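Colleague: I have not looked at this structure before. Could you show me how to read a sheet, and then how to read the place where two chains meet?

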Amino acid sequence: MATVSLTVNGKPVSAEVDPRTLLVQFVRETLRLTGTHVGCDTSQCGSCVVHVDGEAVKACTLLAVQCDGTQVTTIEGLAQGGELHPMQAAFREHHGLQCGYCTPGMIMSAIDIVNRKGNALDETTIRAELEGNLCRCTGYHNIVKAVAAGAQAMAQAPLQQAAE
Amino acid sequence: MTATGIGAPVRRKEDQRFVTGQGRYVDDFNRPGQAHAYFLRSPHAHATIRSIDTSAAAAMPGVVAIFTGEDLARDKVGGLICGWMIHSKDGSPMKAGPHPALAQGKVRYVGDHVAVVVAETVSQAKDAAEAIVVDYDVLPAVVDGVAAQKAGAPQVHEVAEDNTVFRWHLGDKDATDAAFARAKHVTTIDLVNNRLVPNPIEPRAAIGDYDPGNENLTLYTTSQNPHVARLVLSAFIGIAPEHKLRVIAPDVGGGFGSKIFIYAEETVCVWAARKVGRPVKWTSDRTEAFLSDAHGRDHATHAEMALDENGRILGLRVQTVANLGAYLSTFSSSVPTYLYAPLLSGSYDIPAIYAEVDGVYTNTAPVDAYRGAGRPEATFVIERLAEVAARQIGMDPAKFRRKNYVRSFPHQTPVIMTYDAGDYVTTLDKALEAADYKNFGRRKRESARSGKLRGIGFSSYIEACGIAPSQAVGSLGAGVGLWESAEVRVNPTGSIEVLTGSHSHGQGHETTFAQLVSDRLGVSIDSVSIVHGDTDKVQFGMGTYGSRSGAVGMSAIAKAIDKVIAKGKKVAAHVLEASEGDIEFKDGKFTVAGTDRSAAFGDIALQAYIAHKFSGQDLEPGLKEGAFYDPTNFTFPAGVHICELEIDPDTGIVSIERWTAVDDFGVIINPMIVEGQVHGGIAQGVGQALHEGAFYDASGQLVTASFMDYRMPRAADLPSFVVETTVTPCPSNPLGIKGCGEAGAIAAPAAVINAITDALGHEDIAMPATPQNVWRAAQKTPMRMAAE
């Protein structure tokens, strides 16, 4: 067993884990934060995307022990004081989800796209940047709209971004 | 229309939990003391099992128990069933082989279930499974449906000679032959409808939980129809009596048909839970999903269309071989028969149709319903034929369709169906306008100037949804009725719970069903909760598939609401001291007609429960009503999808430039949700046409068993879609709803392939039209065409 200590959604956590434990298993099974999902076993679907030190990563590609000392944000850590993050609100407003299973990973990736590419995102950019996230329900049409709207809303809510 | 009533694009009530990570899917549940199951699967497509030695594995760390087919047989656990009886044209019943949940003596496809290890952790179960020694006698395998019927092919099941489960037919052969005999032109095509893997992003999962105190079993499962799962597990597989088995299907992450069926894994988990006296959990990984979720499609078809001298369709003759895989999955036999051939008339007035369908066993994963289920296959046949026929006789494909459309309703086709309502010409006109069809030639020339081949393709589909009138499907071999149930419980404070047998796994029932209640009872949508997916809460239900939740499920709710209003009037009559016949209900108020005496819905609910204003002899207290709704006909959504695309002949890459969809879904409850359903359906249909294909090699290995190998559509593969509607209300249900869930997947493949063949100038392209396939096909395109 190995000890891992990190900060998840602003709270310090520490646990003894089997060294082969993936970050996504640690988040889901040890911390019982089940909003982060597993949709494949080849790092293709993006359902498990979380932020590690502010960058989007597929939590199925990292061992928990590799994240020792990092700051991890999961989908549960986005809303602040009962207020949805602008990207969460945009997915709801633009019907960017159906079954909801890919949604946490989509939202975490979308925020990362905005962090990297800015708040004015065109359709081509959004579609290209969503390469690593699969959705089987929406045909991506409304996800693209939601990401564009969420990106703009994030520009108007700098405090929210800072909180993340 | 109120802000939350019928027709309003209400934002979804369920989204708050999904966008915050608070959804509760099966794998998010953990039961105290839970152990984990891992299935040892066959690495061979076809083999006799000489022996299974579990002794070394059983001694490994954390192992709780290991079970094989022998253990299930010893406990008299029944095999998995196929719930639809098909008779061959000679009258004989279909030849179904045994389908044990764990193999007994033989394995028949790669991924077939050989043994289950129950251990403290998943990792320990996997480690132990590797230590199980299975002695296989490997047999030759057959993976192709047509090859399976040839003499000398390996036999998958002894009972099915030539691997043929049924030789079924539909329609009038003599009348059809006569139509062909007088035809001026006959168009012939051979098509393969490629095998697909449904791939909802949530993999299947199951937890069996046994309570020895009261001998109750609970199964948490990723199901589209938990009551049907309970019925089958109880009545046919013999897991437990129905009243001792609770099935919970909580949030389910997409289904597309693949979560209708009752699979080996949940059967074994719920049985093993009692066996080991602990909860047993299994969650599929993606590779297991590819290997063992029921696949879709896989037809090989020869089809002919007879035309008169004016381009009118005289007849249709279709022969299809449907690959059913190694076992008959729950509804597999109905998909290539009664969900397929009755739709071959498309939206056209065709006097004579004759279809023959052979269902065959192969050494591949079972094939069953996948979004559209039979109707995409039928649409691909008729819409490819229509396009090719129009081209061969030199008629514009839109004109050809217009000429042959059904114009009056009801319309009886020669293949069972009675189309009840539609207006195909208006839909086509709207689609042509939205697609700017008249300027396509200019756009094609512009593409040619940059060395690209531009094409346009139509798909004027029809589907039969709202599945289905119980008596009708019963006469065709269905083992169940296909009505739906609802219960509307009004609480003393006026808030409402609606219990429904429909199941939401992305469709947004918690919103649309609440809209209906809000609309009819004049209450706030926030005071309505939709309860589904738990057999302990909802008495019975048939679940969600075949675009039936609106047309059938909501009709049941509407019926129950009518009963609530009728009971409310009785209560109001006592409260308002008027006769029941004088009470009117409108906008959430009970009013004595012609007076200003009224009581709000919530006040009457309270009065119904406190029962101070009437005696028990006059009226029962309470306000709760149930209804079962059995539809009187299928519904017939129809529409026109137009795909415009560009091919780069140097790379074979296809780029979809415009997608226009005009659909007639009848009355729409929530246009935002309906459009979303269309988008998703189109994406799956485009996936089938351009990207997706499940391929087995000759030895029966699935070579497309991960998202690395099986090409799922991604965001950059698709354009934004233009989605519009026309409305002819459905006369066959009280709400006028036709259904929308499958339309895109039904329409899209033909539209894409018709556009590609239009661009290429020849018909020689198969699905999936991958860049390699398109590049090869483009090499056959004459230079003249390319430069045109």
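Modeller: Bear in mind that this is a predicted model. Begin with the sheet of chain A, an open one in which five strands follow the order S2-S1-S5-S3-S4, with mixed pairing.

Colleague: Why is one side of strand S2 and of strand S4 of chain A left without a neighbour in the sheet?

Modeller: Strand S2 (11-17) and strand S4 (55-58) of chain A are at the edges and have a single partner strand each, so nothing in the sheet flanks their other side. On average, neighbouring strands of this sheet are turned by 40° against each other, direction ignored.

Colleague: In which sense do strand S3 and S4 of chain A pair?

Modeller: In general, strands of a sheet pair through backbone hydrogen bonds, and the pairing is either parallel or antiparallel. Here strand S3 (residues 49-52) of chain A and S4(A) are antiparallel, paired over four bridges. For a position to look at, take A:Val49, which is opposite A:Lys58 in S4(A).

Colleague: Which helix lies across S3 and S4 of chain A?

Modeller: That is helix H3 (residues 103-117) of chain A, and it runs at about 40° to S3(A).

Colleague: Now the two chains. How many residues of chain B are in contact with chain A?

Modeller: There are 41 in chain B, in contact with 43 residues of chain A. Helix H1 (15-19), helix H9 (286-292) and helix H18 (671-691) of chain B supply at least two residues each to the side of chain B that touches chain A. H18(B) gives the most, seven residues.

Colleague: What classes of residue make up that side of chain B?

Modeller: The side of chain B that touches chain A has 18 nonpolar, 15 polar and eight charged residues.

Conventions:
Residues are numbered from 1 along each chain as its sequence is written. Chains are lettered from A and ligands numbered from 1 in the order in which they are written. This is a predicted model: local features need pLDDT of at least 70, side-chain atom pairs count only at pLDDT 80 or more; totals for chains, interfaces and linings use all residues. Two strands pair if DSSP finds at least two bridges between them. Axes are lines fitted to C-alpha atoms, for helices over the stretch in contact, and angles run from 0 to 180 degrees between N-to-C directions. Two residues are in contact if their C-beta atoms, placed from the backbone, lie within 7 Å. Ala, Val, Leu, Ile, Met, Phe, Trp, Tyr, Cys and Pro count as nonpolar, Asp, Glu, Lys and Arg as charged, and the others, Gly among them, as polar.
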